[in-house]
Amino acid sequence: MATSLGVLLGILLLLGSRAEAGGVNLLKGRNSSSLLVTVPEISNSGQDYLSSRGSKAVRLGEGLELRSEGSRYADGSGVLKDAFSRVLDEIKAGHAVDGGPSGSGLLAGVRVVILSPDDELNYNVDESYKLSVPATGNPIYALIQAQTVYGALHALQTFSQLCDINLASGTIEISLAPWTIIDRPRFPYRGLLIDTSRHYLPVPVIKSVIDSMTYSKLNVLHWHIVDTQSFPLQIPSYPKLWNGAYSSVERYTIADAVDIVHYAERRGINVLAEIDVPGHALSWGKGYPYLWPSTDCQQPLDVSKESTFKVIDGILSDFSKVFKFRFVHLGGDEVNTSCWTITPHVREWLKQHKMDESGAYEYFVLRAQKIALSHGYEVINWEETFNNFGNKLNPRTVVHNWLGGGVAEKVVAAGLRCIVSNQDKWYLDHLDATWQGFYMNEPLVNISRPEQQKLVIGGEVCMWGEHIDASDIQQTIWPRAAAAAERLWSPLEKLAKDPELIAGRLAHFRCLLNQRGVPAAPLDGLGREAPRGPGSCYKQ
């Protein structure tokens, strides 16, 4: 075999199944005119997951082409065409590879057959795909079949990770052909949080994070936009809010936000916007001091004033024109209500409304939920809202678990949906949280009833920004986030029981990220630790 099997093992991290001998050739005939036009079902004898391989090497020919005979997707927006172009660049990994050999027996291109003509990115969009790479034919075409273009994007990413550069011959090869891969995600929500309040992240850095997410098939960028420290986003309805930014240049215009969302959506990634209320909101008052209970006690937001809720309504109205994801995150965590009880006018309001501070916290969260619902959003709240008044939350609420274990099972038992991000395992800013822990963190632990398992919509790794900025965000995210990505994508029965069994594959995936310009840190050591000495990428 011309190419090392070890390099190819990196792609198996994301396939969700074992490799077995064999494989099928889905192409017919010996020339391009005899490619199959009828579209087979994506599933294979009822299987949702399959990876089979052979023993031959196939070289990619010159001018690899994208074909779409039999597809119902016209690609008028160029989502597929652009993705194919990116994949070709990723395969080359920056090397000055020639156009490729010419002649017979070469892989001439990729044929993509998509059943849905629609490319609207909705929550729970079908992301399944089938990828076949034959070992013989003249010419040879890989075949991708998918229900939607977003399944096809995942297939192209898998195809790119099957390819390997042979620098001695100056060619690109796929080993172990023929390949047949049938794949789909386990959870519809597979998220990564970034925090632009604690440190501003320039737009190109956010885009680089989005690109890196596609390599491990994460599909939600949770943008924690504002917090106590800064309010960097332009809000047209309340233009002084971004007075809370660190500086006049550490800001995002609405056009920037539209650009980021568009950039992500074309890569199959939804953007979840978060404003955290009523706590974590001191920065709001830099532009509108009336949002503070007082100048001496500046958060949580003033629960007693109608103007507070008008501002929230204005923000969410502006959000609805930019952030098209089904959900909005309203925070609700770590609310210290003491400002309400020591500020005279708020204390008097509480008395008039016969509320204590706990009741005011509940009132604020539920009223903010109603505002979000009026703008067409479903609401995600941090788990403290459930822990304090779970039976009062809107029944469409998604509870975001972060404090620890045992919460998800209580949430789903109450009939609510849940996202898992328990901080001891899936907080990337915890540098002592190991990749092994990221891999072994199971969202469905102690949840055995199928109807309750479906209420866990997925999980999210969180890159809080207190101690990261543009200089170190990527090496803090990767490769640990990829270990969680496998758990969120792959079926439970295919996951390794011992994380050390996937160490080699994760190391190869980390090196693939490095080759693509993503500064993923070594596996050996804690989060974002530097290499301990000279040596191969694959052994660090």
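This report walks through the overall build of one protein chain and then turns to its aromatic rings.

**The chain as a whole**

Please keep in mind that the structure is a predicted model. The chain contains 17 helices and 17 strands. Its radius of gyration is 25 Å, close to the 24 Å that the globule rule gives for 540 residues, so the chain is as compact as a globular protein of that length. If you trace the C-alpha atoms along the principal axes, the span is about 85 × 50 × 45 Å.

How much of the chain is buried? Of the 540 residues, 59% count as buried. Contacts tell us about the fold as well: among those with a separation of 6 or more, residues 24 or more positions apart account for 75%.

**The surface and the charges**

Turning to the outside, the chain exposes about 20,700 Å². Carbon and sulfur atoms supply 50% of that area. As for charge, the chain carries 51 positive and 58 negative charges, and the mean positions of the two sets are 4 Å apart.

**Aromatic rings**

Now for the rings. A search of the whole structure finds 19 aromatic pairs. One of them joins phenylalanine 325 and phenylalanine 327: the ring centres are 5.4 Å apart and the planes stand at 75°, over the cut-off of 60 degrees, so this pair is edge-to-face. Another pair brings together tryptophan 340 and phenylalanine 364, with centres 6.4 Å apart and planes at 15°; that angle is under 30 degrees, so the pair is stacked.

The stacked pair links distant parts of the chain. Tryptophan 340 sits in helix α7 (residues 338-342), while phenylalanine 364 belongs to helix α9 (residues 357-374), and the two are 24 residues apart.

Are the residues of these two pairs buried or exposed? The table gives the relative accessible area of each one, and buried means under 20%.

| Residue | Relative accessible area | Status |
|---|---|---|
| Phenylalanine 325 | 3% | buried |
| Phenylalanine 327 | 1% | buried |
| Tryptophan 340 | 0% | buried |
| Phenylalanine 364 | 0% | buried |

So phenylalanine 325 is buried because its 3% falls under the 20% cut-off, and tryptophan 340 is buried because its value is 0%.

Aromatic residues also gather in a bigger group than a pair. Which residues form one aromatic cluster? They are Tyr200, Trp223, Tyr252, Phe319 and Phe323.

How values were computed
Residues are numbered from 1 along each chain as its sequence is written. This is a predicted model: local features need pLDDT of at least 70, side-chain atom pairs count only at pLDDT 80 or more; totals for chains, interfaces and linings use all residues. Side-chain values use heavy atoms; hydrogens and water are left out. Helices (H or I, at least four residues) and strands (E, at least two) are DSSP runs, numbered from the N terminus. The radius of gyration is taken over C-alpha atoms; the globule rule is 2.2 Å times the number of residues to the power 0.38. Buried means under 20% relative accessible area, exposed over 50%, partly exposed in between (1.4 Å probe, protein chains only). Contact means heavy atoms within 4.5 Å. Accessible areas come from the Shrake-Rupley method with a 1.4 Å probe; for residues, only the protein chains shown count as cover. Lys and Arg count as positive and Asp and Glu as negative; His and the chain ends are not counted. The place of a charge is taken as NZ of Lys, CZ of Arg, CG of Asp or CD of Glu. Rings of Phe, Tyr and Trp (its six-membered ring) pair if their centres lie within 6.5 Å; planes under 30 degrees apart count as stacked, over 60 as edge-to-face and the rest as tilted.
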